[in-house]
Amino acid sequence: QVQLVESGGGLVQAGGSLRLSCAARGRTFRNYAMAWFRQAPGKEREFVAAIHWNGGTTNVADSVKGRFTISTDNAKNMVHLQMNSLKPEDTAVYYCAADRTIMTVATTLRPHDFGSWGQGTQVTVSS
């Protein structure tokens with residue numbers, strides 16, 4: 001497992017942008033699949049986006065397609081989630097996740113597929 005630390009959450013108005021970051025502590029993300037999930041109050045944790053460190057294959061949920069982009073910064077060993085055109089329904093705690101056993105990043109990925117998690121960062125979008 002790898003220790004993950006998220007940053008970049010906050011309060012933003014609808015239509016605004018935020019960039020979330022996830023840093024690995026103690027080891028590189030090489031050979032890992034990285035993902036962002038989110039969980040709103042009273043709802044299950046849901047897949048947002050994923051990327052594989054090897055090759056950079058990405059996938060995003062339909063609900064955020066065209067608005068959110070996942071990327072890696074190999075030099076800094078970080079993963080980012082750029083969120084544009086934010087909507088009130090994007091309000092949630094966002095979690096970074098990682099696992100080195102996942103070979104294909106797909107929208108069907110579920111929380112139990114990932115072995116490492118960050119502490120979460122709150123994103124609040126006001127209307």
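**Close-up views of a predicted model**

**View 1. Gln 39 and its surroundings.** Gln 39 is found in strand β4, which covers residues 33–39. Keep in mind as you look around that this is a predicted model. With a relative accessibility of 26%, Gln 39 counts as partly exposed, because the partly exposed class sits between the 20% and 50% cut-offs. Leaving aside residues up to four places away in sequence, Gln 39 touches Glu 44, Arg 45, Ala 92, Val 93 and Tyr 95. With one of these, Arg 45, the Gln 39 side chain makes a polar contact, side chain to side chain, at 3.2 Å. For a sense of scale, take Val 5: its C-alpha atom is 17 Å from that of Gln 39, and the two residues are 34 apart along the chain.

**View 2. Arg 38 and its salt bridges.** Step back one residue and you land on Arg 38, which forms a salt bridge with Glu 46, with the closest N and O atoms 2.6 Å apart. Arg 38 is at 7% relative accessibility, so it counts as buried. Glu 46, on the other hand, is partly exposed, with a relative accessible area of 36%. Arg 38 also meets Asp 90 in a salt bridge, this one at 2.9 Å from N to O. Asp 90 sits in the loop between β8 (78–83) and β9 (92–99) while Arg 38 is in strand β4, so this pair ties together parts that are 52 residues apart in sequence. Both Asp 90 and Arg 38 are buried. Bring Arg 67 into the frame and you have the whole group: Arg 38, Glu 46, Arg 67 and Asp 90 are linked in a network of salt bridges.

**View 3. A salt bridge between exposed residues, Asp 62 and Lys 65.** Searching the whole structure turns up four salt bridges, and this view shows the one between Asp 62 and Lys 65. Here the closest N and O atoms are 3.2 Å apart. Asp 62 and Lys 65 are both exposed, whereas Asp 90 and Arg 38 from the previous view are both buried.

**View 4. Phe 37 and the ring cluster.** The whole structure holds seven aromatic pairs. In the pair Phe 37 and Phe 47, the ring centres are 5.9 Å apart and the planes stand at 80°, so the pair is edge-to-face. Phe 37 belongs to strand β4 and Phe 47 to strand β5 (residues 46–52), so these rings tie together parts that are 10 residues apart in sequence. Phe 37 counts as buried, at 0% relative accessibility, and Phe 47 counts as buried too, at 9%. Phe 37 has another ring partner in Phe 114: their centres are 5.5 Å apart with planes at 75°, so this pair is edge-to-face as well. This one links distant parts of the chain, since Phe 114 lies in the loop between β9 and β10 (116–117), 77 residues from Phe 37 in strand β4. Phe 114 is buried at 6% relative accessibility. Put the rings together and you get a cluster, in which ring pairs link Phe 37, Phe 47, Tyr 95, Phe 114 and Trp 117.

**View 5. An open sheet of four strands.** Follow the strands across and the order reads β1-β3-β8-β7, with antiparallel pairing. The edges are β1 (3–7) and β7 (68–73), each of which pairs on one side only. On average, neighbouring strands in this sheet are turned by 20° against each other, direction ignored. Zoom in on β1 and β3 (residues 18–25) and you will find them paired in the antiparallel sense over five bridges. To get your bearings there, pick out Leu 4, whose bridge partner in β3 is Ala 24.

**View 6. Strand β11, its two faces and its neighbours.** Side chains alternate along strand β11 (residues 121–126). Thr 121, Val 123 and Val 125 point to one face and are buried, while Gln 122, Thr 124 and Ser 126 point to the other and are not. Strand β2 (residues 10–13) runs parallel to β11, joined by four bridges, and Gly 10 stands opposite Val 123. With β9, the pairing of β11 is antiparallel, over three bridges. There, Tyr 94 stands opposite Thr 121.

Terms used. Residues numbered from 1 in each chain as written. Predicted model: local features only at pLDDT ≥ 70, side-chain atom pairs only at ≥ 80, totals over all residues. Heavy atoms only, no water. Pairing = 2+ DSSP bridges. Axes fitted to C-alpha atoms, helices over the stretch in contact; angles between N-to-C directions. Buried < 20%, exposed > 50% of the residue type's maximum accessible area, 1.4 Å probe, protein only. Contact = heavy atoms within 4.5 Å. Polar contact = N/O pair within 3.5 Å; in protein donor to acceptor, adjacent residues only side chain to side chain. Salt bridge = Lys/Arg side-chain N within 4 Å of Asp/Glu carboxyl O. Phe/Tyr/Trp six-rings, centres within 6.5 Å; stacked < 30°, edge-to-face > 60°.
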